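User: I am new to this structure and would like a close look at a single part. Please explain how that part is arranged and then set it in its surroundings.

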Amino acid sequence: MTNLKSRTVNAVKWSYMTMGIATVLGLVFTAILSRLLTPAEFGVVAIAFVLQRFGQFIADLGVGQALIQKPELSGEDVQAGFTSSIGLGLLATVAAWMLAPLAGQYFGMPDLVMVFRGYAVAYLFNAMIIISQSLLRRQLKFRPLMIGELVSLVIGHGVFGLGAAYLGFGAFSLAISQIAQALIQMVILYAYTRHSLRLTFRPESYRHLYAFATRVTIINFLEFISTNLDSIMLARLYPTAQLGLYSRGFKAIGTPAMSFATSLTRVLAPSFSAVQSEPERLRRAHHSALLALLIVISCVAGGIFVAAPEVVAVLLGSQFVGAVVLVKIFALAVPFMASSNLAGVLAEATANLGVKLKIQAVYTVGLALAFWTAYSLGGTVVAIAAVLLVGTVLRNLGLELLARSIVGSGREILESYGVGLLSGLGTALAFYVVVVPLRNLGTPLPVLFLTELVVGGIALTAAIFLGPPNELKSMALRAVPAVTRRLRRVTGPRG
């Protein structure tokens, strides 16, 4: 791959443009949806989404990541990946349709049956999406991915999903949204890849893909369990409305933050794979990415920790006021979640999966025991969130030790976390100095929230430009003169 850095930077730009637009739209849609559905309906949606993600996991089984990681990719590899995804997607759809009544009975949610079956309809569409996404990511072509994601979000969720919620479809409106998004995205992405639709059943075609995909699958399964363990437990042991508060509280902070992290790591996965045999380039790429990630996520987390009451009031509404303390806890956790994501991608890109598997296994078992202990001692959903925070920090420590063993830059990793900590504390302090007095004076919510956005933007800009060198800072420095020139052309004299 020639000029890998410039291609990666360009891919990062497209990825973050997608993330920025999708985040803004997502927050607007969240604010609208939170006023159309009740906390109890969101509880049904939360557990249905867990089941839907499990179906997506079955439909992939690591094949998409294997297509990205494989040094040389043949047409037969693509055919094998497509055949595998279609077969597994069909299997997941049939299984989900048949098991939906049992899931509704187990969780005590009669409405879950229809919602879960609605989500299952999208499995086959997602199976097609996996191959097209993987091929585009492998080639660092993120413009088509942006188009597919945003068009499906606006039409699928903004029109069909919100429209169904407005018409009274309740929790099932999210299933309608998912089906529409998957169908639209499938059509758009396939139009850009036009990969072979031929099926292959030769065992040799699957040998290399599944040699890598099997290990990825085990890790992904453990990550799926640990990521959704809290929702599964809350759905079984706590009132549905409490699960609704918990899930919406996490999405208010976790979804935008993890979208930022994913936008970076989905570009870096193929880039890391391309330089996995060049230790120095790999080290520099990892350090730059970790710095940029921690600076941005820590600034966001620090601001949201102080601004949690306004975040909940604007994005979720008055019926979710009980989620304020949850949002504060999740704000502390997301920097560690995001950096763990980066360390995990580094391990997968370099095929260092053994230690990652052990870390994820210990984390999953430990988290399950900790959740059960908190529940047995009478802990509320706040206690469950606190357990998640502690577990996330400990898992992150293990993954960063793994990253150090791969790139050999323990000091740089520590420095990155130090910069992230200072960025988060500085942003929180700025919010505390500006926002708290205005809150105490009874400033109207729209004015207060707008002030918080301005303060957050200033704090983030300062952290990026004043922080150590990294690719995000370089992109920002290059963008300033370009924006200045355009402004001069627009506002300059005409004659």
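Analyst: The following account takes one helix pair as its main subject and then turns to the chain around it.

The model is predicted: local features need pLDDT of at least 70, side-chain atom pairs count only at pLDDT 80 or more, and totals for chains, interfaces and linings use all residues. Residues are numbered from 1 along each chain as its sequence is written, and side-chain values use heavy atoms, with hydrogens and water left out.

The pair consists of helix H4 (residues 75-107) and helix H6 (residues 123-138). Helices here are DSSP runs of H or I with at least four residues, strands are runs of E with at least two, and both are numbered from the N terminus. Two packed helices are described by the angle between their axes and the distance between the axes. For H4 and H6 the angle is about 155 degrees and the axes lie 8 Å apart. H4 is therefore roughly antiparallel to H6, a term for angles over 145 degrees. Angles run from 0 to 180 degrees between N-to-C directions, and axes are lines fitted to C-alpha atoms, for helices over the stretch in contact.

Contact means heavy atoms within 4.5 Å. On the H4 side, the residues that meet H6 include Val78, Phe82, Ile86 and Leu90. Among their counterparts in H6 are Tyr123, Ala127, Ile131 and Leu135. The residues of this contact divide into 13 nonpolar, 4 polar and no charged. Nonpolar covers Ala, Val, Leu, Ile, Met, Phe, Trp, Tyr, Cys and Pro; charged covers Asp, Glu, Lys and Arg; the others, Gly among them, are polar.

Helix H5 (residues 112-121) is largely enclosed by the rest of the structure, because 7 of its 10 residues are buried. Buried means under 20% relative accessible area, exposed over 50%, and partly exposed in between (1.4 Å probe, protein chains only). The buried residues of H5 include Leu112, Phe116 and Tyr119.

The setting is a chain of 17 helices and 0 strands. Of its 495 residues, 53% count as buried.

Two further residues illustrate other degrees of exposure. Leu332 belongs to helix H12 (residues 324-349) and is partly exposed, with a relative accessible area of 41%. Leu332 touches Phe305 and Leu389, not counting residues up to four places away in sequence. Arg194, in the loop between helix H8 (172-193) and helix H9 (203-237), counts as exposed at 60% relative accessibility. The phi of Arg194 is near 50 degrees, a positive value in a residue other than glycine. Most residues other than glycine have a negative phi.

Terms used. Angles under 35 degrees count as roughly parallel, over 145 as roughly antiparallel, 65 to 115 as roughly perpendicular and the rest as oblique.
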